[in-house]
Amino acid sequence: MSEIETFEIFLTVAPGLEAALLSEVRAAGFQQPKSVPGGVTIQGGWADVWRANLQLRGAARVLARIGSFRAFHLAQLDKRARKFPWGDVLRKDVPLRVETVTNKKSKIYHAGAATQRVEKALVESFGATLSKEASLVLKLRIDDNNCQFSVDTSGEGLHKRGHKSAVGKAPMRETLAALFLRECGYDGTEPVVDPMCGSGTFVIEAAEIAQGLLAGRSRSFAFEDLANFDAEAFNALRLELDQSGGLAAGPRFYGSDRNAGAVEMAAANAERAGVQEVTSFVQRAVSDLERPEGPPGLVIVNPPYGARIGNKKLLFALYGALGQVLRERFSGWRVGIVTSDNALAKATALPFLPVGAPVAHGGLKIRLFKTDPLP
Ligand SMILES: C[S@@+](CC[C@H](N)C(=O)[O-])C[C@H]1O[C@@H](n2cnc3c(N)ncnc32)[C@H](O)[C@@H]1O
């Protein structure tokens with residue numbers, strides 16, 4: 001596979017957020033974006049793989065589909081795997097592990113045996129270094145007797161932006177936060193308030209979007225260890241994509257939480273992300289929430305949910321208080337509430353629009369409940 005050749009790139013996302021990711025991918029100008037269960041596919045080359053990792057806020061991982069062949073039994077898999085041009089993408093010296101998924105439509109159904117054959121072929125025909133702990137993963141998917149190989153080009157999940165060392169009890173993943181902001185119509189031009197900000201995920205994500213900061217600017221990626229990586233071209237791409245330049249006169253971002261530790265943590269995370277100038281975090285219960293001066297914007301909040309933290313009765317009272325404060329003090333602002341419990345959302349008595357698809361998060365199904373500007 002040469003650099004100019006295009007191939008399919010699979011951008012994974014938490015199921016339920018495919019449409020939101022598709023909208024981000026389209027806006028970012030990637031080629032032939034298509035929504036599929038669990039993600040979005042695009043067509044592109046290695047520079048698109050790098051750009052998707054660096055720029056997209058909603059994708060969980062970027063998988064490069066590097067090739068496929070048909071195999072009806074293990075000996076055939078072995079033989080074809082030995083002929084595969086691994087050296088176009090992989091390096092012999094970079095430790096690697098293989099992960100296989102199979103399904104019932106294929107003659108090769110034993111994932112463990114398929115993995116072993118491919119590993120053996122990689123070592124004997126190419127000289128690969130295998131390690132169970134390797135961060136570089138070659139994925140094999142056998143579907144309808146078609147063996148498709150993908151490289152996970154992200155490494156650590158893309159929700160790890162690289163500047164959050166402190167997290168609270170139930171942090172929202174940055175990738176989900178970015179997509180929920182998008183689903184609320186947030187475009188970086190309005191202020192954002194999160195009155196139960198925890199580690200500050202929504203506030204920091206919103207501030208980064210407003211400042212034109214690249215999602216992946218502070219981290220490394222698995223693709224940097226591939227044979228075709230060109231550090232100079234990648235640095236040029238980073239510079240070209242970077243739209244940051246400080247927004248002294250831009251919108252402001254406000255987080256509060258009743259927990260002093262959370263507020264401290266959020267402020268430290270914002271500082272590491274380089275958005276401390278436009279964000280503020282204060283210790284405050286939701287009942288004391290005040291409307292910031294200036295134009296209206298978006299209140300987005302991920303209150304505690306029953307199954308994770310706390311006691312149901314108290315939670316109903318908390319959601320009731322949140323709804324009351326927003327209805328009384330936030331006229332003209334839109335609201336987005338992320339919760340796992342429809343009855344709790346209802347307890348806010350806010351005028352929600354039709355609710356979106358459930359999204360898998362930490363073993364629960366969460367949903368975004370959003371409003372138009374409040375009367
Ligand atoms: C699910 S966590 C939010 C996580 C956050 N989105 C993040 O990414 O880290 C809920 C937060 O609500 C806060 N909280 C609970 N009751 C509150 C209240 N009455 N006023 C303000 N904050 C409250 C908790 O301290 C906790 O940090």
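How many nonpolar, polar and charged residues does the lining of the largest cavity have? I will start there and then move to the core and a pocket. Keep in mind that this is a predicted model.

The answer is two nonpolar, three polar and five charged residues. The cavity itself has a volume of about 90 Å³. Its lining is made up of Arg161, His163, Lys164, Glu174, Thr201, Ile204, Glu205, Glu208, Asn269 and Ala273. Helix α6 gives the largest share of that lining, four residues. Both α6 and α8, the latter spanning 260–273, supply at least two residues each.

The search over the whole structure turned up two cavities of 30 Å³ or more. The second largest holds about 30 Å³ of space. Around it are Leu90, Arg91, Val94, Leu96, Phe126, Ala128 and Leu136. By class, that lining has six nonpolar residues, no polar ones and one charged.

Now the core. The largest nonpolar core has 108 residues, and within it Leu11 and Phe180 touch the most other members. Helix α6, residues 201–211, contributes the largest share of this core, six residues. Where does the core lie with respect to the domains? Domain 1 (7–152) and domain 2 (174–214 + 221–241 + 249–370) both give residues to the core, so it lies between them.

Take Phe180 as an example. Setting aside neighbours within four places in sequence, Phe180 is in contact with Leu17, Met172, Phe202, Ile300, Val338, Val359, Ile366 and Leu368.

Last, the second largest pocket. Its volume is about 480 Å³. There are 19 residues in the lining, and those nearest the centre of the pocket are Glu24, Gln55, Arg57, Arg182 and Ile209. Two elements give two or more residues to this lining: α1 (18–27) and α5 (174–183). Of these, α5 provides the largest share of the lining, four residues.

What classes of residue make up the lining of this pocket? It has 12 nonpolar, three polar and four charged residues. As for the domains, the pocket lining draws at least three residues from each of domain 1 and domain 2.

To put the pieces side by side: domain 1 and domain 2 both give residues to the largest nonpolar core, and both also give residues to the lining of the second largest pocket. Helix α6 gives the largest share of that core and also the largest share of the lining of the largest cavity.

Note on methods. Residues are numbered from 1 along each chain as its sequence is written. This is a predicted model: local features need pLDDT of at least 70, side-chain atom pairs count only at pLDDT 80 or more; totals for chains, interfaces and linings use all residues. Side-chain values use heavy atoms; hydrogens and water are left out. A nonpolar core is a set of buried Ala, Val, Leu, Ile, Met, Phe, Trp, Tyr and Cys residues joined through side-chain atoms within 4.5 Å. Buried means under 20% relative accessible area, exposed over 50%, partly exposed in between (1.4 Å probe, protein chains only). Domain bounds come from an automatic or database domain assignment. Contact means heavy atoms within 4.5 Å. On a 1 Å grid over the protein atoms alone, a cavity is a set of points where a 1.4 Å probe fits but cannot get out, and a pocket is an open set with protein on both sides within 12 Å along at least five of seven lines; lining residues have an atom within 4 Å of a point. Grid points are joined across faces, edges and corners, and a volume is the space filled by probe spheres set on the points. Ala, Val, Leu, Ile, Met, Phe, Trp, Tyr, Cys and Pro count as nonpolar, Asp, Glu, Lys and Arg as charged, and the others, Gly among them, as polar.
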